[in-house]
There are 2 protein chains.
Amino acid sequence: MSADHLFAALASPARRELLRMLRDEGAQPAGRLAERFDMSRPSVSEHLKVLKDAGLVAETRKGRERHYRLEAAPLMELRDWLTPYERFWRERLTALDALLDDMEDQDAR
Amino acid sequence: MSADHLFAALASPARRELLRMLRDEGAQPAGRLAERFDMSRPSVSEHLKVLKDAGLVAETRKGRERHYRLEAAPLMELRDWLTPYERFWRERLTALDALLDDMEDQDAR
DNA sequence: TTGATGCGTAGGATAATTCCTACGTATAGT
DNA sequence: ACTATACGTAGGAATTATCCTACGCATCAA
């Protein structure tokens, strides 16, 4: 629920890259993620922990492996957070449209 | 353009609150924003600077005042960043639907 | 021109983040 | 039982973030 954790988790490029990998390549064990990362395996583990605390990732243990999978629900909260700004954005656009219309009126004279 | 600056700017609750104020109350001078903030005025100034560097805010100088206004365009980039995750989210939902359908089939027997 | 107002910048203390290596724990295979 | 594998955690160094007070620079008002 805490938006703070969510935004903080997304602030790191490394964590966003992890999310992207899980999104495009599906659930994976931590080690496989770390292999293609320019970062030590333990550091990747910590990033995964941050993502887990933010609810962006969930783990299922399979033997000694831990598969991580993307949990997109918090990102939909982010979309909700964004909504009132979209409205603002559109207002700005329509204001711009109005301005352009005025300029056309000027030209028409 | 750099998504890093954008995400980093949004990581701070104080900065998100500033954005909300500008969104809900319109453009304002820095001092008026700081008045209702549990934070020193110079600190608010720095937060505004971070927001400006991220393109989320623009200033227009009016005499000795500086009016800050929200620039929502970068947030629309954020929405674009979000899009491929929405697809993932829907896939999960349809997978859940399929599962529920299966369970109904089971019950129907 | 003088004094007050609106804001930003400088410098610094403290806390948080980010990365590492070393180590511990649990499972799998032999 | 013993070794190798897949991880996480501990502890610490280096960087960055976050806040403050003190100060400087314009602008306005008289």
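**Close-ups of a predicted protein–DNA model**

**View 1. B:R15 meets the backbone of DNA strand D.** In this predicted model, B:R15 has a polar side-chain atom 3.2 Å from a phosphate oxygen of DNA strand D. Look for B:S43 too: an N or O atom in the side chain of B:S43 is 2.7 Å from a phosphate oxygen of this strand.

**View 2. A:R41 reaches a base.** Here the partner is a base oxygen of DNA strand D, and a polar side-chain atom of A:R41 sits 3.1 Å from that oxygen. As for the elements that give two or more residues to the surface near the strand, chain A supplies α3 (30–35), α4 (41–53) and β3 (65–70), while chain B supplies α4 (41–53). The top contributor is α4(B), with 4 residues.

**View 3. The surroundings of DNA strand D.** There are 20 residues around this strand, and the ones that come nearest are A:P29, A:G31, A:S45, A:Y68 and B:S40. Of the strand's atoms that come within 4 Å of the protein, 62% belong to sugar and phosphate. Sort the nearby surface by class and you get 7 charged, 7 polar and 6 nonpolar residues.

**View 4. B:R23 and its company.** You'll find B:R23 in helix α2 (residues 13–25) of chain B. Its side chain makes a polar contact with the side chain of B:D24, at 2.8 Å. Setting aside neighbours within four places in sequence, B:R23 is in contact with B:L70 in chain B and with A:P84, A:Y85 and A:F88 in chain A.

Notes: Residues are numbered from 1 along each chain as its sequence is written. Chains are lettered from A and ligands numbered from 1 in the order in which they are written. This is a predicted model: local features need pLDDT of at least 70, side-chain atom pairs count only at pLDDT 80 or more; totals for chains, interfaces and linings use all residues. Side-chain values use heavy atoms; hydrogens and water are left out. A polar contact is a pair of N or O atoms within 3.5 Å; within protein, one must be able to donate a hydrogen and the other to accept it, and residues adjacent in sequence count only if both atoms are side-chain atoms. Contact means heavy atoms within 4.5 Å. A residue is near a molecule or strand if one of its heavy atoms lies within 4 Å of it. Ala, Val, Leu, Ile, Met, Phe, Trp, Tyr, Cys and Pro count as nonpolar, Asp, Glu, Lys and Arg as charged, and the others, Gly among them, as polar.
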